[in-house]
Amino acid sequence: MGRLGWGKHFGGLAARLDGAFGSDGAFAHDRLRFVDFVDDVEELLEEVARREHGDEEAADGFEEFVLRHYGG
């Protein structure tokens, strides 16, 4: 995000994703379904893209990419 100039948004994004990972850094499947987590992240990225570029298309394809590669 820093390379894209979106670093100033990272603190807010990290706070909104709090609880998705355990203290060991592993995804907390017992608290949140991975599909829901990916959907939430895509929505957050779209929000940042709207603010920075006036268009959420910069985040298009994120959810599909992640689920295809990591969704099992």
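This is a chat about the helices, the core and a few single residues of a predicted model.

Reader: Okay, basics first. How many helices and strands are there in the protein?
Author: The protein has 3 helices and 0 strands. If you read along the sequence, the pattern is α-α-α.

Reader: And since it's a prediction, what pLDDT does the protein average?
Author: The average pLDDT is 79, and 78% of the residues score at least 70.

Reader: Which elements have the lowest and the highest mean pLDDT?
Author: Helix 1, residues 10-16, has the lowest mean at 67. Helix 3, residues 62-70, has the highest, at 87.

Reader: Let's talk packing. At what angle do helix 2 and helix 3 pack?
Author: About 150°, and their axes are 9 Å apart. An angle over 145 degrees counts as roughly antiparallel, so that is how helix 2 and helix 3 lie to each other.

Reader: Which residues of the two helices make that contact?
Author: On the helix 2 side you have Phe34, Val35, Val38, Asp39, Val41, Glu42 and Leu45. Helix 3 brings Phe62, Glu63, Glu64, Val66, Leu67 and Tyr70.

Reader: Is the crossing left-handed or right-handed?
Author: The crossing of helix 2 and helix 3 is right-handed.

Reader: Switching topic: what's in the largest nonpolar core?
Author: That core has 8 residues: Ala20, Phe27, Phe37, Val38, Val41, Leu45, Ala59 and Val66. Helix 2, residues 34-53, gives the most to this core, with 4 residues.

Reader: Val41 came up twice there. Leaving aside neighbours within four places in sequence, what is Val41 in contact with?
Author: With those neighbours set aside, Val41 is in contact with Leu17 and Phe62.

Reader: How much of the protein counts as buried?
Author: Of its 72 residues, 25% count as buried.

Reader: What about Phe34, why does Phe34 count as partly exposed?
Author: Phe34 is in helix 2. Its relative accessibility is 23%, so Phe34 counts as partly exposed, because that class sits between the 20% limit for buried and the 50% limit for exposed.

Reader: How far apart are Phe34 and Leu67?
Author: They are 33 residues apart in sequence, and in space their C-alpha atoms are 8.8 Å apart.

Reader: Last residue: where does Glu57 lie?
Author: Glu57 sits in the loop between helix 2 and helix 3. Glu57 has 53% relative accessibility and therefore counts as exposed.

Reader: And what separates the C-alpha atoms of Glu57 and Leu45?
Author: A distance of 9.7 Å, with the two residues 12 apart along the chain.

Reader: One more! Of contacts with a separation of 6 or more, what share joins residues 24 or more positions apart?
Author: Those account for 43% of such contacts in the protein.

Definitions and conventions:
Residues numbered from 1 in each chain as written. Predicted model: local features only at pLDDT ≥ 70, side-chain atom pairs only at ≥ 80, totals over all residues. Heavy atoms only, no water. Core = buried A, V, L, I, M, F, W, Y, C linked by side-chain atoms within 4.5 Å. Buried < 20%, exposed > 50% of the residue type's maximum accessible area, 1.4 Å probe, protein only. Contact = heavy atoms within 4.5 Å. pLDDT = per-residue confidence, 0-100. Axes fitted to C-alpha atoms, helices over the stretch in contact; angles between N-to-C directions. Parallel < 35°, antiparallel > 145°, perpendicular 65-115°, else oblique. Left-handed = near helix turned anticlockwise from the far one by under 90°.
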